[in-house]
Amino acid sequence: KEKMLVNSLPLLIFSLSSFQTKSKKTLARPNVKNIVLVEGVRTPFLLSGTTYSDLMPHDLARAALQGLLHRTAIPKDVVDYIIYGTVIQEVKTSNVAREAALGAGFSDKIPSHTVTMACISSNQAMTSAVGLIAAGQCDAVVAGGVEFMSDVPIRHSRKMRKTMLSLNKAKTLGQRLSLLGSIRLAHLSPELPAVAEFSTSETMGHSADRLAAAFGVSRVEQDEFALRSHSLAKKAQDAGLLQDVISFKVPGRDIVSQDNGIRPSSMEQMAKLKPAFIKPHGTVTAANSSFLTDGASAVLIMSEEKALAMGYKPKAYLRDFVYVSQDPKDQLLLGPTYGTPKVLERAGLTMSDIDVFEFHEAFAGQIMANLKAMDSDWFAQTYMGRKSKVGTPPMDKFNLWGGSLSLGHPFGATGCRLVTTVAHRLQKEGGQYGLVAACAAGGQVSDTHSPQMVFQQS
Amino acid sequence: MAGVRAAGVFSRFANSKYSLLSGHASRSLSVSSSVAARTHVSYELKDDVAVIRLNDPTSKVNTLSVQMQAELTEVMGEVWSNGAVKSAVFISTKPGCFIAGADINMIQACKSSEEVTSLSREGQKMFEKIEKSPIPIVAAINGSCLGGGLEFAIACQYRVATKSRKTILGTPEVMLGLLPGAGGTQRLPKMVGLPGAFDMMLTGRNIRADKAKKMGLVHQLVDPLGPGLKPAEERTIEYLEEVAVGVAKGIANKKVSLTKEKGFMQKLQDTVMGLGPVRKQIYKTVSDKVQKQTKGLYPAPVKIIESIQAGVEQGGEAGYVAEATNFGKLAMTSESRALIGLYQGQVICKKNHYGTPEKEVKKLAILGAGLMGAGIAQVSVDKGLTTILKDTAVDGISRGEQQVYKGLNDKVKKKALTSFARDTILSNLSAQLDYSSFKSADMVIEAVFEDINIKHKVLKEVEAVIPPHCIFASNTSALPIKDIAAASKRPEKVIGMHYFSPVDKMQLLEIITTDKTSKDTTASAVSVGLKQGKIIIVVGDGPGFYTTRCLAPMLAEAVRVLQEGVGPKRLDALTTSFGFPVGAATLADEVGIDVAAHVAEDLGKAFGSRFGGGNVDVLKTMVEKGFKGRKSGKGCYIYGKGKKDKSVNPDAEEILKKYKLAAHPAISTDSDIQYRLVSRFVNEAVLCLQENILRNPVEGDIGAVFGLGFPPCLGGPFRFVDSFGAERLVGIMKRFEDIYGNQFTPCQLLLDHAKNPSKKFHK
């Protein structure tokens with residue numbers, strides 16, 4: 001059977017530069033430029049419809065960019081290029097990268113473009129930046145992502161749009177009146193952004209519920225994982241570990257300096273919720289899914305030469321990445337399982353070499369399904385053409401500062417958060433290699449790719 | 001013959017997964033099942049839920065066979081007597097099949113209607129016990145749930161079904177000339193309402209799970225799962241079981257309610273249906289409609305209405321008695337035997353009897369993007385065949401591509417396909433004007449103009465560009481394949497593939513082999529046809545092969561009848577009342593008067609005066625005047641857009657008057673006219689068997705019914721001879737022969753059967 005391939009999974013390998021003590025091999029390759037992560041920041045991630053609700057997407061992106069400028073003190077004209085990722089586009093600012101860059105005070109001589117790849121849009125922004133530097137086109141690129149779910153483009157119906165466009169062309173009053181007269185009640189029903197995968201018409205939550213069922217993930221397992229995510233996020237927040245978060249003065253509102261979706265609950269309370277997608281027997285609920293989030297992120301990526309010349313101390317080396325795709329119907333959310341072994345093989349590493357894992361948590365059920373798939377010889381042999389199972393990441397290295405379930409998941413912005421978190425965790429925990437994985441969908445609203453990145457100390 | 005429209009109820013037949021057939025399972029009635037180990041039904045306790053699993057190890061599908069029923073009864077006895085069991089779940093562990101129906105052999109083995117009636121009573125009793133079960137029973141349905149299987153499921157208290165494409169529910173008994181004889185006619189009206197029940201049982205159509213949920217036939221749906229830690233299908237069944245067990249527990253401890261809150265419309269409908277006069281009107285309307293559609297030729301729909309009516313109006317017991325009695329009566333009718341014969345024949349014709357081809361056809365090229373060519377493309381691209389559609393003009397390929405697109409898009413409109421799937425399917429199609437990439441084609445099917453010189457020209461062009469293994473198939477409707485193959489460098493790779501128009505609707509494919517056609521070529525052609533979803537007959541080469549050859553004398557007779565002053569409308573009425581889905585005059589228009597003229601002339605040359613009758617000049621004159629049938633807007637009738645009632649073409653009547661013949665009063669009654677038409681068809685079919693054009697009567701019957709619209713209630717020409725009596729038919733033909741001569745001379749094989757009444761085409 002042929003499978004349609006729409007999913008992709010980027011993998012980035014980073015090496016951490018700040019610790020020189022470990023004697024593990026460097027992943028540097030001859031004749032390939034070393035590319036480094038200099039800094040990464042993000043706005044607080046807020047539940048949509050809260051403090052950010054009156055902004056526009058580029059406002060959030062602007063805040064992240066200004067935060068990055070502030071943190072790095074990089075001269076505005078040193079940056080060669082700016083790339084942003086986003087999923088649901090505000091039509092007025094379709095190239096949100098450019099609008100945000102100008103608004104953040106970057107030189108108008110810096111070209112900017114916007115990419116979209118569902119939940120790994122900012123991963124795509126980052127890997128595009130890597131490509132530009134590796135190709136010798138640029139030395140310093142800002143990559144980032146933004147998502148603004150408090151306001152989404154709701155359109156007139158196709159019928160209504162057609163009538164309105166014809167109205168523009170109508171020459172006489174009679175023509176206009178007859179067009180206006182043709183408007184019926186059906187013309188007035190609005191068109192919401194698709195909440196479903198275009199190819200399969202299946203919503204992401206529905207897909208996640210089926211995936212969980214396919215791997216026999218129980219409701220309790222999902223609730224436990226969600227609770228873990230919230231508890232760890234709370235701990236990290238309280239301990240001040242989420243250094244990538246910048247404070248943001250929202251016009252007309254207070255200064256926002258913390259994520260507001262972290263809510264550790266109890267298993268009993270979570271058990272009370274009804275399934276959100278598959279009724280009445282489903283297992284995915286509001287409590288074990290990531291929530292609609294507003295937020296933006298930004299990272300500064302440079303060639304090592306340039307960074308060192310400018311006196312920066314790189315946070316990590318970005319070595320490699322892999323994108324993979326699978327069947328959008330039944331394997332939509334299994335990117336991490338497919339991508340992890342590929343990127344490890346490319347880098348010549350094994351699972352045990354990795355000190356820090358950051359996986360995107362779209363749904364607790366999706367994470368658990370991936371962990372089960374990675375732990376299954378049958379799955380590896382039947383679907384991946386491998387001799388044996390991929391192996392699962394140890395939980396004591398896995399998403400220790402919370403994840404998308406608790407911190408929030410602004411689709412376009414999550415990738416940069418994962419990468420920056422790996423860099424910070426490697427520094428904090430003294431590890432050498434980190435790995436990021438995320439899964440993305442082909443759809444608009446929901447997204448579930450996992451980008452995976454490995455960080456290495458050099 | 002290109003262009004026969006034999007749609008109607010019957011055309012859905014072959015698509016249904018109705019598997020009443022399980023002949024391979026031989027079972028001994030004498031073996032006491034308490035002694036023998038259970039092989040079909042097993043059960044285990046999951047907490048306080050008895051999970052009862054069905055799987056017939058001797059067949060691809062589960063049927064309610066003697067063995068299955070005996071084991072079910074035994075297991076239910078154990079379950080009911082076990083105090084620890086609070087609820088039960090029925091589930092099939094066979095992929096893609098819950099229960100596909102009753103065991104047809106059980107019915108066929110009965111010698112009298114009383115025997116069948118008592119079978120029905122037993123089934124009714126068994127399901128009554130399930131309906132009145134002291135513990136709640138949940139039917140967990142994945143795959144086909146048809147006929148007796150559906151009756152079984154609706155006797156349970158609750159139904160959970162997978163939303164899989166393979167999950168279909170329905171009561172297809174009517175297509176076998178039977179009725180749902182195990183309580184179906186009694187329970188369905190209560191469950192889905194009177195109109196819904198009539199619709200289900202009278203059409204026999206398959207209902208997908210989501211529709212079944214809307215209708216109230218199932219309570220809950222479960223999504224099919226993708227791959228996990230086990231194969232998808234296996235895990236889906238397991239998941240279905242988990243959900244069903246949860247529901248069963250829920251019902252047992254009163255957390256799940258069995259009574260559904262009725263909506264306003266439902267309440268309204270119930271109130272209206274509660275009125276006697278309204279119901280009476282419904283019975284009348286439905287009966288009238290059935291009468292109109294079946295012309296009184298099919299007894300099953302009438303008996304279905306009777307049984308439902310008895311139950312609703314006179315109460316349960318009377319209804320069950322009526323159902324069982326009527327079931328017994330129907331099982332003994334020739335119509336039911338004919339329909340069952342067709343069903344069984346159709347199963348045989350959906351298998352490849354020529355082995356696996358050495359090289360699977362993956363890339364198909366079609367020459368000619370007309371109705372036929374594009375139709376063939378349409379049924380190929382959605383089966384994953386990479387398809388080239390080649391024509392000589394841009395207009396041609398544009399029209400052809402549009403036809404394929406429209407065919408698929410109509411499915412999107414009916415929600416049978418997503419727009420995304422449509423686009424993906426269309427990516428298999430490449431429309432082009434040249435022979436580029438023919439070098440990687442595995443099979444070429446030509447559907448160009450019916451002219452031997454053009455056929456030779458394209459054959460040579462194609463052979464210059466295709467790889468050695470590539471098969472050349474001709475979609476000719478009458479030209480002998482060996483004549484076409486004469487121009488080939490490799491006649492073993494040349495074969496005939498005769499499709500019927502419209503290709504996406506007509507299920508038959510007639511494959512024609514010559515003496516030189518290799519077995520592997522035949523295997524490939526059959527394999528492609530099966531992939532395209534066709535019912536296939538393989539026949540020998542000769543003018544008109546089998547189907548066209550049978551149709552030609554009947555059409556010649558039809559022209560004569562018209563010349564004798566019987567108008568097109570009356571001719572149509574006479575043929576449809578005999579059971580043909582399409583009248584003879586309409587059929588000629590559908591086929592195309594030009595095609596009919598062509599065939600009549602070609603076959604007339606080949607077979608001589610035997611194929612005479614009507615004057616070919618009638619057809620030729622009509623063609624000259626532009627009356628080519630439906631495609632040109634005028635033929636025997638005038639066709640206009642949006643017109644439902646077609647009117648007779650007065651200019652055609654003028655032509656007929658010009659060629660007027662005097663009718664012979666001795667053989668011109670309505671019945672005589674019908675037999676003049678049918679006997680020539682039937683005699684030619686028997687002659688085809690005699691001359692080894694046909695390999696067996698089964699394919700003859702299938703070809704005639706599915707390709708030419710021979711009355712399904714008669715089961716095909718051969719079954720017709722069996723049931724009507726060869727002697728009687730020969731007698732009638734002799735009467736005609738006296739007046740018209742050799743056109744009505746019975747062939748030797750028919751005479752043999754007439755002489756010896758114990759000779760039958762079908763055992």
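The side chain of Thr114(A) reaches the backbone nitrogen of Val96(A) at 3.1 Å. The backbone nitrogen of Ala97(A) is also reached by the Thr114(A) side chain, again at 3.1 Å. These values come from a predicted model.

Where does Thr114(A) sit? Its place is in strand β5 of chain A, which covers residues 112-115. Thr114(A) has a relative accessible area of 19%. The cut-off for buried is under 20%, so Thr114(A) counts as buried.

Now look at what surrounds this threonine. Thr114(A) touches Val96(A) and Ala97(A), leaving aside residues up to four places away in sequence. On the same basis, Thr114(A) also touches Ser94(A) and Asn95(A). Tyr84(A), Thr86(A) and Gln89(A) complete the list of residues that Thr114(A) touches on that basis.

Turn next to chain B. Here 6 strands form an open sheet. Follow the strands in the order β1-β2-β3-β5-β7-β10. Their pairing is mixed. The edge strands of this chain B sheet are β1 (41-46) and β10 (220-222), and each pairs on one side only. From one strand to the next, the twist averages 20°.

Strands of a sheet pair through backbone hydrogen bonds, either parallel or antiparallel. Which sense applies to β1(B) and β2(B)? They pair in the antiparallel sense, over 6 bridges, with β2 of chain B spanning residues 49-54. One bridge can be picked out by residue: Ser42(B) has Arg53(B), in β2(B), as its bridge partner.

Key. Residues are numbered from 1 along each chain as its sequence is written. Chains are lettered from A and ligands numbered from 1 in the order in which they are written. This is a predicted model: local features need pLDDT of at least 70, side-chain atom pairs count only at pLDDT 80 or more; totals for chains, interfaces and linings use all residues. Side-chain values use heavy atoms; hydrogens and water are left out. Helices (H or I, at least four residues) and strands (E, at least two) are DSSP runs, numbered from the N terminus. Buried means under 20% relative accessible area, exposed over 50%, partly exposed in between (1.4 Å probe, protein chains only). A polar contact is a pair of N or O atoms within 3.5 Å; within protein, one must be able to donate a hydrogen and the other to accept it, and residues adjacent in sequence count only if both atoms are side-chain atoms. Contact means heavy atoms within 4.5 Å. Two strands pair if DSSP finds at least two bridges between them. Axes are lines fitted to C-alpha atoms, for helices over the stretch in contact, and angles run from 0 to 180 degrees between N-to-C directions.
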